[in-house]
Amino acid sequence: QVQLVESGGGLVQPGGSLRLSCAASGSIFLFDTMGWYRQAPGKQRERELVAGLTNGGSINYADSVKGRFTISRDGAKNTVYLQMNSLKPEDTAVYYCNAVHRVTLKNYWGQGTQVTVSS
């Protein structure tokens, strides 16, 4: 059973930085894509793709985070990261790690980690 465990969320002031981690229970190269989504307060049914990373190394970002967020991976640690700089109040959300299995195409989700940007 695949498990994704996020960590690194918290409260930060505007302009600050956080690094989120997503640790997978197995090799991250089992997944076709991995990414970070977020769900803002009051938007119960909307999860926005923040950043995605394919097995081949292609990366895409939401326009709202380009130049501020960076997605990366460490295969040896089976972990994907999201470095978030120059944080804004509108980045406040629950951030979820997502992975799509390369064979079954099944979606896996982590439990989410809260990021709050406030002074």
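**View A. Strand 4 and strand 9 lie side by side in this predicted model.**
Let us start with a pair of strands: strand 4 (residues 31-39) is joined to strand 9 by 8 bridges, and the two run antiparallel. Which residue stands opposite cysteine 97 of strand 9? The residue to look for is tryptophan 36. While you are here, notice how well strand 9 is covered, since 8 of its 9 residues are buried. As background, strands of a sheet pair through backbone hydrogen bonds, and the pairing can be parallel or antiparallel.

**View B. Strand 9 also pairs with strand 10 and with strand 11.**
Follow strand 9 to its pairing with strand 11 (residues 113-117), which is antiparallel and has 3 bridges. To find your place there, look for tyrosine 95, which stands opposite threonine 113 of strand 11. Strand 10 (residues 107-109) is also an antiparallel partner of strand 9, again over 3 bridges. In that pairing, alanine 99 stands opposite tyrosine 108 of strand 10. Strands 9 and 10 form a hairpin with 5 residues between the strands. Which residue in this hairpin takes a positive phi? It is leucine 105, with a value near 60°.

**View C. A disulfide ties cysteine 22 to cysteine 97.**
How many disulfides are there in the model? The count comes to 1. Its two sulfur atoms, one from cysteine 22 and one from cysteine 97, are 2.0 Å apart. The link joins distant parts of the chain: cysteine 22 sits in strand 3 (residues 18-24) and cysteine 97 in strand 9 (residues 93-101), with their positions 75 residues apart. The angle about the S-S bond is -75°, and the link is left-handed. Are the two cysteines buried or exposed? Both cysteine 22 and cysteine 97 are buried.

**View D. Cysteine 22 has many contacts around it.**
Zoom in on cysteine 22, which belongs to strand 3. Its relative accessible area is 0%, under the 20% cut-off, and therefore cysteine 22 counts as buried. Setting aside neighbours within four places in sequence, the residues in contact with cysteine 22 include Leu4, Val5 and Glu6, along with Met34 and Trp36. Asn78, Thr79 and Val80 are also in contact with cysteine 22, as is its disulfide partner Cys97. For a sense of distance, glutamine 3 is 19 residues from cysteine 22 in sequence, and their C-alpha atoms are 9.7 Å apart in space.

**View E. Four strands make an open sheet.**
This sheet has 4 strands in the order 1-3-8-7, and the pairing is antiparallel. Why is one side of strand 1 (4-7) and of strand 7 (69-74) left without a neighbour in the sheet? These two strands stand at the edges, and each has a single partner strand, so one side of each has no neighbour there. From one strand to the next, the twist averages 15°. Inside the sheet, strand 3 and strand 8 (residues 79-84) run antiparallel and are joined by 6 bridges. One residue pair to look for is arginine 19 with its bridge partner in strand 8, glutamine 83.

**View F. Strand 1 has a covered face and an uncovered face.**
Which residues of strand 1 lie on the covered face? Leu4 and Glu6 do, whereas Val5 and Ser7 lie on the uncovered one. In general, side chains of a regular strand alternate between the two faces of the sheet. Strand 1 is joined to strand 3 by 4 bridges, and the two run antiparallel. Here serine 7 has serine 21 of strand 3 as its bridge partner.

**View G. Stepping back, the protein chain is built with 11 strands and 0 helices.**
The radius of gyration of the protein chain is 14 Å, close to the 14 Å that the globule rule gives for 119 residues, so the chain is as compact as a globular protein of that length. Along the principal axes, the C-alpha atoms fill a box of roughly 45 × 25 × 25 Å. Of the 119 residues, 40% are buried. Among contacts with a separation of 6 or more, 53% are between residues 24 or more positions apart. The accessible surface is about 6300 Å², and 47% of that surface belongs to carbon and sulfur atoms.

Key
Residues numbered from 1 in each chain as written. Predicted model: local features only at pLDDT ≥ 70, side-chain atom pairs only at ≥ 80, totals over all residues. Heavy atoms only, no water. Disulfide = S-S within 2.5 Å. Buried < 20%, exposed > 50% of the residue type's maximum accessible area, 1.4 Å probe, protein only. Pairing = 2+ DSSP bridges. Axes fitted to C-alpha atoms, helices over the stretch in contact; angles between N-to-C directions. Rg over C-alpha atoms; globule rule 2.2 N^0.38 Å. Contact = heavy atoms within 4.5 Å. Areas by Shrake-Rupley, 256 points an atom, 1.4 Å probe, with all protein chains shown as cover.
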